[in-house]
Amino acid sequence: YDLHPTFRPSQVTINNPPFLLKRQGWGYFDVGVTIKFKENADRKDLKCVHGLDFSHDVTMTHIIDDNDTNKNELVHMKGLKK
């Protein structure tokens, strides 16, 4: 995870499921995520940008999949539980 530089540490690596990172904050910033596959998966890294906005009930993640021959950009939206 690549967090806003005001977080310490601002770069966090999680190697085991569920790959969850919890932090507290305010405002809006993009969180960069790189998903690295095992060597035998025969896939390139998957790059994601998650727009983290503490003032809204919906989150959005942009996923750039360079593994696809068309280099699709996927957008995933998820409502947050209150």
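Where is Pro9 found? Pro9 sits in the segment before β1. The model is predicted, and this stretch ahead of the strand is a good place to start reading it.

Begin with the backbone at Pro9. The peptide bond that runs from Arg8 to Pro9 is cis. Its omega is near -5°. A second cis peptide bond joins Pro17 and Pro18. There, omega is about 15°. Pro18, like Pro9, belongs to the segment before β1.

Now step to Phe19. Phe19 is also in the segment before β1, and that strand spans 28-35. The phi of Phe19 is near 55°. That is a positive value in a residue other than glycine. Is the side of Phe19 open to solvent or shut away? Phe19 has a relative accessible area of 41%. Buried requires under 20% and exposed over 50%, so a value in between counts as partly exposed. Phe19 is therefore partly exposed.

Which residues does Phe19 touch, leaving out those up to four places away in sequence? They are Tyr1 and Ile14. Tyr1 is 18 residues from Phe19 along the chain. The C-alpha atoms of Phe19 and Tyr1 are separated by 9.9 Å.

Turn next to the aromatic rings. How many aromatic pairs does the structure hold? It holds one. The partners are Phe7 and Phe29, with ring centres 5.5 Å apart. Their planes meet at 45°, so the pair is tilted. Phe7 lies in the segment before β1, while Phe29 lies in strand β1. The pair therefore ties together parts that are 22 residues apart in sequence.

Are these two rings' residues buried or exposed? Phe7 has 14% relative accessibility, so Phe7 counts as buried. Phe29 has 8% relative accessibility, so Phe29 counts as buried too. The cut-off for buried is under 20%.

Finally, move past β1. Asp42 is found in the loop between β1 and β2, the latter covering 46-53. Asp42 is not a glycine, yet it has a positive phi of about 55°. How accessible is Asp42? Its relative accessibility is 72%, so Asp42 counts as exposed.

Put the two positive-phi residues side by side. Phe19 stands in the segment before β1 and is partly exposed. Asp42 stands in the loop between β1 and β2 and is exposed.

Definitions and conventions: Residues are numbered from 1 along each chain as its sequence is written. This is a predicted model: local features need pLDDT of at least 70, side-chain atom pairs count only at pLDDT 80 or more; totals for chains, interfaces and linings use all residues. Side-chain values use heavy atoms; hydrogens and water are left out. Helices (H or I, at least four residues) and strands (E, at least two) are DSSP runs, numbered from the N terminus. Buried means under 20% relative accessible area, exposed over 50%, partly exposed in between (1.4 Å probe, protein chains only). Contact means heavy atoms within 4.5 Å. Rings of Phe, Tyr and Trp (its six-membered ring) pair if their centres lie within 6.5 Å; planes under 30 degrees apart count as stacked, over 60 as edge-to-face and the rest as tilted.
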